[in-house]
Amino acid sequence: MTTPAPVTTELTIGGMTCAACVGRVEKRLGRLEGVTATVNLATERAHITHPATLSTAELIATVERAGYTAEPPPPPRPVATHTTELTIGGMTCAACVGRVEKRLGRLEGVTATVNLATERAHITHPASVSVAELTATVEKAGYTAEPVPTSAGRGTTGDDGAESDADGVQDQQDQQDQREKKKAAIAREERDRLLITALLSIPVLVISMVPALQFRNWQWVCFVLSTPVAAWGSWPFHARAARGLRHGAATMDTLVSLGVIAAFSWSTYALFFGGAGEPGMEMPFTLLPSASGDTPHVYLEAAVAVPLFVLTGRWLEARARHGTGSALRALANLAAKNVVIRVDGAERRIPIEQLRVGDLFVVRPGERVATDGVVTEGGSALDMSLVTGESAPVEVSPGSAVVGGAVNSGGLLEVRAEAVGADTQLARITRLVEDAQAGKAKAQRLADAVAGIFVPVVLAIAVTVCGFWLGAGADPQAAVTVAVAVLVVACPCALGLATPTALLAATGRGAQLGILVKGPQALEGLRRVDTVVLDKTGTLTIGEMGVTQVTCRTEGLDEATVVRLAGAVEQGSEHPVGRAVVSHARRNAAEGDGLPAVIGFAATAGHGVSGRVDGHQVTVSRPDAEPADATQDGQAALPAELADAVREAESTGHTAVLVRVNGAPEAVLALGDSLRPGAFRAVDHLRRLGLRTVLATGDSEATARAVAERLGITEVHARATPEGKAELVRSLREHGHRVAVIGDGVNDAAALANADLGIAMGGGTDAAIGAADVTLVREDMGALPDAVRLARRTLGMVRSNLAWAFGYNAVTLPLAAVGWLNPMVAAAAMSASSVIVVGNSLRLRGWQPTSSTGAPGRPRPSNPRPGGGRPASNRPSRSRARATAASEQS
């Protein structure tokens, strides 16, 4: 007999005053069989593990007999949480990121993730903490903050609601325009500051570095030129350093500001009081700090080089960071600004914000589809490449679903709007990319933690090094120069940019390829998985039943006639088999011809349908697979070739139906769910990547085995329930595997949530997409190995960025401390460090998943629909079906 598992109960204990009370309660509870209790005096709580047969009432009675009160703790009240995005201004390095996160984290119930590359804070907070309070907290830390506007409401109906929504959207657009203008003005100001600083600094650098150009009183000319650079050119560093000092914070601006002030102050002292201002003074240039003679050197070249190189580096860095976010901006630009709607036959153009669900709108050739909808009139080919990454045009006709942002490449379309605003697929894609870019990888959190103490450590090193050099008897100017070099060469900025810039580029590139990730954790999970559990229906297959093969009787009716008659009689059926036959017949009908009417339609449950079409009695039913000499109900026996077709269909997991015309068996139709184009190549590439593939499906064993055999999958779990799929995932994880699950339906949601990584098809249910970490918008299985490769490439890029950022500081700081780096060289190296990190991340923008597209020159399947195109005759259809399957597996 199996012993019931123990249960855990919490009790609130009243009347305890000391440790003796704690011991008394624990002993009394411990006397009960199978009970262990831990009592906490501070919280007045007892944590009790006991058999399920022991009730809570018995536990309470035991405590009360000991002389105390006991009751179950009240259930925790649900706390409504909100998510707010803030744009943070004034951050320059990872130390700033850590400071903002810490300040926000001190508010009760608030968690914040700040991204240096996007200059945004993603904040989760209780309703009791207002946005104004969050903004004030950031401003108290010495930075600027303003909320990122959310999408306008779309659910209002009626004219007043439309006007209200339009006004709200217009206000948001005005705010966005103001922010863009502000950013442009700041960019122009920084560019002008850099240009003027360069014009003033270059003569100082050239004269100071080339002794032959040092004319009489050259040092005073350099002093005049360098003064505005040290004051006005370096003002952003001084201002931010002073602001940080007021709030007790030290950032990279503190290091730059101190370096400039130290170099300029020493040079000013040397010129006015040290004798360096004497006419005819010459100063040799050296890359190493040194002192020669009795006259102090001036280091005006360091005072101008530091702000010049840092300003240049930040300008280049800003341009590069702007490039990493180009994919997200491209997504935003896909949204239409206005749309032509059709009301009572009349057309008028309105702003996109006024479009409502149910409105009919027109899409002309070359225009973008304004929003998600269904085609009501017309036919065309849509270019979906910018939305889903799918390069092949998609043919649409009345009844076809279309996605906002797609480009109409052909004829005129009339579309009924099904989703608008924030509910469209394009809006969801944009939100997923933004959320992914707001996250942090584990390695980046380590870098941020290091950056939080980096600047104070560098300041301590600079002071210590200066004191050591002075204590060792070195010349004061050499000691000051070494300290300035230490301050300037340190670069926490590269630490803060290592991960976010790579994520910006990778998530943007992934969106272009139809791969959406929820965050860096998903990328890390993709890189580490070793087992992929694949659903069949809707994932490896299209998810719709269709006619896959037609086998006609020799010397019987031709295939076109048989399909036309079968489709006509099935028009009255609601069975999935009937709908598939009708759809196949309509696709193969001559242009302009419909299916004939059926007279005397009759349906027999579990058997089939029958009726009179064009004077012929047509029956579509379950086949009779008896030998050729058998008869049934006086009907003609089933020919051997048709019996073979029935057995072949059943052996491959397909459904076979027999078409009889006037009692004579004419053809066998095989129906099934067709494999997605590229499914075999995708599974093959997963194996090449070293991943174990497992098929888990609710279908029968025969169907599952047939699909697995075609795809080369050896491990199959058939007739798996949603609970069974989740249990399979748990079992694999318990055996040490890192499991990814890819599915599309509600029945896959539990397995997706239990896996180390959940991957959903973009056309799947909301439950599947909500439980997944990665969504394949492209509806192409080839996107799965692409996603794995992109994740591995991205995490490799992050590691190389962090290795450079840590390695740079580990090497250059000791070199500067021992006097082997001139401040000017240190400033150049520090500026280059951040630019190198961002430039390295930019390489991801051009990443191409070349290996997932098959052999060079091989065309992509152009007709993924079940049943394919129209056969030319009645017999070759079987050979063509086999050839297609062989081509897919080759």
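The following paragraphs describe the fold, the nonpolar cores, the cysteines, one small sheet and one loop residue of a predicted model.

In this predicted model, the chain is built from 28 helices and 30 strands. Of its 890 residues, 49% count as buried, and the chain exposes an area of about 39900 Å², of which 56% is supplied by carbon and sulfur atoms. When the contacts with a separation of 6 or more are considered, residues 24 or more positions apart account for 71% of them.

In soluble globular proteins, nonpolar side chains tend to be buried together. The largest nonpolar core of the chain comprises 90 residues, and within this core Ile88 and Met91 are the residues with the most contacts. Helix α14, which spans residues 476-489, contributes ten residues, the largest share of this core. Apart from this core lies another, made up of 43 residues and including Val517, Ile742, Met781 and Leu784. The surroundings of Met91 can be described in further detail: once its neighbours within four places in sequence are set aside, Met91 is in contact with Cys96, Val97, Val100, Val114, Asn115, Leu116, Glu119 and Tyr143.

With regard to the cysteines, a search of the whole structure finds zero disulfides. Two of the cysteines were examined for exposure: Cys21 has a relative accessible area of 10% and is therefore buried, and Cys466, with a relative accessible area of 18%, is likewise buried because this value falls under the 20% cut-off.

Among the strands, β14, β13 and β16 form an open sheet of three strands in the order β14-β13-β16, with antiparallel pairing. Strands β14 (394-396) and β16 (407-408) are the edge strands of this sheet, each of them pairing on one side only. Strand β13, which covers residues 380-383, is joined to β14 by three bridges, and the two strands run antiparallel. At the level of individual residues, Ala381 has Glu395 in β14 as its bridge partner.

A further residue considered is Ala212, which is placed in the loop between helices α5 (158-209) and α6 (218-233). The relative accessible area of Ala212 is 76%, and because this lies over the 50% cut-off, the residue is classed as exposed. Although Ala212 and Pro284 are 72 residues apart along the chain, their C-alpha atoms are separated by 9.4 Å in the model.

Methods:
Residues numbered from 1 in each chain as written. Predicted model: local features only at pLDDT ≥ 70, side-chain atom pairs only at ≥ 80, totals over all residues. Heavy atoms only, no water. Helix = DSSP H or I, 4+ residues; strand = E, 2+ residues; numbered from the N terminus. Buried < 20%, exposed > 50% of the residue type's maximum accessible area, 1.4 Å probe, protein only. Contact = heavy atoms within 4.5 Å. Areas by Shrake-Rupley, 256 points an atom, 1.4 Å probe, with all protein chains shown as cover. Core = buried A, V, L, I, M, F, W, Y, C linked by side-chain atoms within 4.5 Å. Disulfide = S-S within 2.5 Å. Pairing = 2+ DSSP bridges.
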